[in-house]
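Me: I am new to this structure and would like a close look at a single part. Please take one helix and describe how its residues are placed.

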Amino acid sequence: MPLPPPNLDDRSFQDIVDETKRLIPRFTPEWTNHNVSDPGVALIELFAWMSEMVLFRVNQVPDKLFVHFLNLVGIEPFPPAVARADLTFWLSAPAEQPVPVPAGTQVATADAGRGGVVFSTTRDAVVVPPVLTAAHTARAREEQTVDALEDLTYPGSAMVCFDSDPITPGDCAYLGFAEPLAGLVVRLAVEATAEGIGVDPANPPLAWEVWGGEAWLPVRVHADTTGGLNRDGDVVLIVPPAHAPLTLAGTPAHWLRVRLLHPAPGQPTYQASPRIRSLSAHALGITVPAEHASGAGRESLGRSAGVPGQTFRVSAVPVAARRDGECVRVVHLHGVEDWAEVENFAASGPHDRHVMWDSVTGEVRFGPQVRHPDGTLRQHGAIPPDGAEIVVTGYRHGGGAAGNVGAGTLTELRSTVPFVTGVENLAPAAGGVDAETVEEAKVRGPLSLRTGERAVTAGDFERITRQTSVEVARARCLPGAGTGAVRVLVVPQVRTSPATHRIDDFALSGPLRRAITRALDARRPVGVAVELGTPFYQGVSVAALVRALPGRPAALVRQRVLDVLVRYVNPLTGGPDGTGWPFDTDLTAAAVAQLAEAVEGVERVEEVVLFEYDLRTGRRLGSGRDTLRLDPHALFLSAEHRVVVR
């Protein structure tokens, strides 16, 4: 089967003839005879035929050569982005001494033996047994706290958690520790008196928090057998990765607090405060950041021939973004040198130890020698000495959308860690994006060359935002109304099935937000402020009644219609052209009906009703309509569609 050639220029013979004839009145108005019998028209057709032959040959250029053309103008496909997840390591017993979890510890999905996904921790971590040193209580709207450590530790006494009379939302009980609990899984063994009457034990209005240095950060409650501090039991907490010291009433410590919340509608609250007779803290595990990449150690790539433009390649690709300590090293008779990685050699002189490292192909390139128009040769970047060994000190390889695994799927330890009995990711992995395809690079390349590297027009802001990272799928720039600011809305790339897309999938990650901010800030005009955000996503629920053709399974027809609706009403795959629902475009029942009628097995669509849908609460809003208006700065996102097949 022959490979389909790329269509770089789709003009035909007749297109070229017509375009040339339209230029005649502009350049030679005295030429009025445009008939086929005219000799000039015959020449036009001759050159159009020759041009068509040239275009035919141009269209035979393969994608690999097109990529080289893009490289010549400084445009290279984006490498894949690695997915990241927080891995929680569980100990076989509460820690009595520090338990280390080294960086590079590998954890995989259960199907790792059949091409599963492998994650590696990105830093060293240590499980340190917590030591309780202080306990305070504080009333709502009062900054001063009261020491309650003796009440908590003295036999026969009890600490009253919420000291107001009557108890008031905002009352707090504080527990101070000698060392930070950052990232730890902490079990609080509680002995309590059943005084906190009136509360639902399965849903107490409590919030656990730690001091993060600038604000109180929420702590995840993994398990609570105390019924809201009302009976003996354990509270298992997963502490966030930040925990800073704070001085309360002259007592410096790392504070963990439990705060009484305002009850939600229908939620019972405390009529009397819980009383804790004793409390002890134990470390059950630790949460460590990890990424979808495997580490590779020192690797020798070969020896230099002492000539310009040398290229070497690492053994595993794609290569993740380099971290501190991961570099190219040249070893020769006079010593060992670490060479700096650069994006290109345009500003490199003949003595600059610069190197390029392609993340997609794994190629390590040294500077070329370029002949200038005056005939002189200039070396861009130094040349490694003849016979020098080219070494990479280490790197990580992996990445792509395959790393966006669900919660609870990373459970197989591939590295042995003493005292660790299990591991899991309590939240889904996110951030993994496949490498930019050639087709995507073809679209981005011409846009990058139009206005250089400055952001002046709305299109410039959108272009720079899209080329910042492969994680950016769409960008929309909204000029400010007389404020001197522009607002940039970003739709991140989500490469999973549209049927699984949820509103949280379209949130901007911290690294992506910072990367876009840096790129726009470096290219915006002086005095122009940039606001970065995401569109408002309007939920859409379609209710459709369709009639299937005789003999077609109703369940199959229904699933086909649902798949089409989910893809059509989507920020990434929706709209008439399948490239994402367009801004400022309303959704009509007529368009949905026309779409459903084209589905295989559908005889006709009898009724279509559109509903607005609250993506957070999961409820329909208002009555059905024939048209849903798209708010400014918003995009439609599919919710729960209802399709009935007769």
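Reply: What follows is a close look at helix α9.

This is a predicted model, in which local features need pLDDT of at least 70, side-chain atom pairs count only at pLDDT 80 or more, and totals for chains, interfaces and linings use all residues. Residues are numbered from 1 along each chain as its sequence is written, and side-chain values use heavy atoms, with hydrogens and water left out.

Helix α9 spans residues 589-597. Helices here are DSSP runs of H or I with at least four residues, strands are runs of E with at least two, and both are numbered from the N terminus. The buried residues of α9 are Ala-589, Val-592, Ala-593 and Ala-596. Buried means under 20% relative accessible area, exposed means over 50%, and partly exposed lies in between, with a 1.4 Å probe and protein chains only.

These buried residues lie on the same side of α9, because they cover an arc of only 100° around the axis. The arc is that of the directions from the helix axis to the C-beta atoms. An α-helix has 3.6 residues a turn, so residues three or four places apart point the same way. On the other side of α9, Ala-590 and Gln-594 are exposed.

The buried residues of α9 pack against helix α8 (554-568). They also pack against the strands β34 (536-548), β35 (587-588) and β36 (602-614). Contact here means heavy atoms within 4.5 Å.
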